[in-house]
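Open the model in your viewer and keep the selection panel at hand. The tour below goes stop by stop.

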Protein chains: 2
Amino acid sequence: MSLSRLIVASSYRAYPSRVPKLWRDTIAAHRREVRDAVLDATARLAGQHGVLNVTMSQIAEDVGIGRATLYKYFASVEEILQTWHERQISDHLQLLTEIAERDAPQEARLVEVLGAYAQIQRQRTDHAAHPHGSELAALLHHDAQVAPAERRLRDLVGALLADAAAAGAVRDDVPPDELASFCLHALGAAASTTSDAAVQRLVRLTLEGLQRPRQDPATAGT
Amino acid sequence: MSLSRLIVASSYRAYPSRVPKLWRDTIAAHRREVRDAVLDATARLAGQHGVLNVTMSQIAEDVGIGRATLYKYFASVEEILQTWHERQISDHLQLLTEIAERDAPQEARLVEVLGAYAQIQRQRTDHAAHPHGSELAALLHHDAQVAPAERRLRDLVGALLADAAAAGAVRDDVPPDELASFCLHALGAAASTTSDAAVQRLVRLTLEGLQRPRQDPATAGT
DNA sequence: TCTTTGCGATACATTGTGTCGCTGTCAAGA
DNA sequence: TCTTGACAGCGACACAATGTATCGCAAAGA
């Protein structure tokens, strides 16, 4: 008995400062902190070793809590990742909402929100969304560069666009490969559409984005 | 000895027809078939139980081979999924290449390739790419609907676009939520950009796609 | 001071992971 | 015809990860 007590006591001593000393604040606050620590640790581990290689054991050790304790917070790695993902988007959403509510001319608000969103996307080059289905590759081999086949896909479209630009059919103020990336991403929206008509509108939308802009780029210039 | 021989023999009998009888064709062909069967089974299991819950054991059983044998083909679930993903894109690429090489007017080829790509995206509503980072959610809970926060994000942008459309600043021939989806996807391309200038061009590109189209939608009309 | 509350840890049974070594089949050459 | 090298396949073993059941202990309130 005294032995186990000793062991427990020493293991408490061994705690890093990551997790609050226990009942340091109210229990609710404590739980929230542990929860967040778990989310952070999991994101870090996922980025480091790849999503598929993150284990509950690793997470628990990294956070500095017992593995069984972790199960009192989350039932699985999957659930943790989902929660983390939700938190990410919520954060983005909050930021963008603030921007949208600034008192600025209506058009300017749209421009600023979209600009901010683009910056957010740019930031997280890890866990990045790639052209069309690449979430798999992106998540599976964390650090990996774009899959070769994917690159060839972009090259194919890029070549078509370069030809079209040379013929004057599409704008030439943006490099063809950027146009290609734009197209492939934009058309990725087709995955979440319901009707065929919506897909057609999407394609039209994308194609018209490739056109040379009108003389008056008032909205776009900001 | 005779016992083990018997066991082996009977286990051969027990084989389902999925995997060819062994040396039925050349070894290379056989291996290719097994490989493909593994890829198919894995994709199916991933779609069914979620990517994180696919195990080598399951795959082996599903294909009808021993688990140890599976390891002679692939070292990990991750490797299988990557290979599957590469195969998918390669298939898409081949289809699109064929379309691109048809003898048609240059502009029409671009339109057709992009249209075909949109259709491909539309098909695979499972394993789908969602707006911006949703690959996580999309893959983690296979059947799940879009994460709530994500929907709110689209709603936010959709509302801004609706206002702008009412004010005549953006086109009104496409529903605002479709425009929002288009924007978010298109800006997702920012994740793979390198320079700030490229991000700015991307934002401009996206914004100009929201403008009312010009009188002459020659290219777009096809 | 003593009870209540609920967090955290140890322990255990189950399932999954890599790997090793053996068996059996085929094709080629003695 | 018989031997031999190459190679696919499987069983089994040692170890890691997973969930769960049970216990001990710290803090808050009477």
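**The interface between the chains**

Select both chains. The contact takes 99 residues from chain B and 99 residues from chain A, contact meaning heavy atoms within 4.5 Å. This is a predicted model, where local features need pLDDT of at least 70, side-chain atom pairs count only at pLDDT 80 or more, and totals for chains, interfaces and linings use all residues. Residues are numbered from 1 along each chain as its sequence is written, chains are lettered from A and ligands numbered from 1 in the order in which they are written, and side-chain values use heavy atoms, with hydrogens and water left out.

The size of an interface is often given as the accessible area lost when the parts come together. Here, about 8900 Å² is buried between chain B and chain A; this is the accessible area (1.4 Å probe) that the two parts lose on being put together, summed over both. Carbon and sulfur atoms give 67% of that area.

**Stop 1: H6(A) and H8(B)**

Select residues 106–123 of chain A, helix H6, and residues 148–166 of chain B, helix H8. Helices are DSSP runs (H or I, at least four residues), numbered from the N terminus. The two axes come within 9 Å and cross at roughly 150 degrees. Axes are lines fitted to C-alpha atoms over the stretch in contact, and angles run from 0 to 180 degrees between N-to-C directions. The angle makes H6(A) roughly antiparallel to H8(B) (over 145 degrees; under 35 is roughly parallel, 65 to 115 roughly perpendicular, the rest oblique). The crossing is left-handed: the near helix is turned anticlockwise from the far one by less than a right angle, while clockwise would be right-handed.

Now show side chains. On H6(A), pick Gln106(A), Leu110(A), Val113(A), Leu114(A) and Tyr117(A). They meet H8(B) residues including Leu153(B), Val157(B) and Asp163(B). The residues of this contact divide into nine nonpolar, one polar and one charged. Ala, Val, Leu, Ile, Met, Phe, Trp, Tyr, Cys and Pro count as nonpolar, Asp, Glu, Lys and Arg as charged, and the others, Gly among them, as polar.

**Stop 2: H9 against H9**

Select residues 176–187 in chain A, helix H9(A), together with H9(B). Their axes come within 7 Å and cross at roughly 135 degrees. That makes H9(A) oblique to H9(B). The crossing is right-handed. Which residues make the contact? Phe182(A), His185(A) and Ala186(A) face Phe182(B), His185(B) and Ala186(B) in this contact. By class, it has four nonpolar, two polar and no charged residues.

**Stop 3: H10(A) and H9(B)**

Keep H9(B) and add residues 196–209 of chain A, helix H10. The axes come within 11 Å and cross at roughly 55 degrees. H10(A) is therefore oblique to H9(B). Among the contacting residues are Arg201(A) and Leu205(A) on H10(A), and Glu178(B) and Phe182(B) on H9(B).

**Stop 4: salt bridges**

Select Arg122(B) and Asp196(A): their side chains meet in a salt bridge (3.1 Å, N to O). The rule is a side-chain nitrogen of Lys or Arg within 4 Å of a carboxyl oxygen of Asp or Glu. Between chain B and chain A the count is eight. Over all chains it comes to 20.

Last, select Asp36(A) and Arg87(A), a salt bridge with its closest N and O atoms 3.7 Å apart. The pair links distant parts of the chain, helix H2 and helix H5 of chain A, 51 residues apart.

Conventions:
Helices (H or I, at least four residues) and strands (E, at least two) are DSSP runs, numbered from the N terminus.
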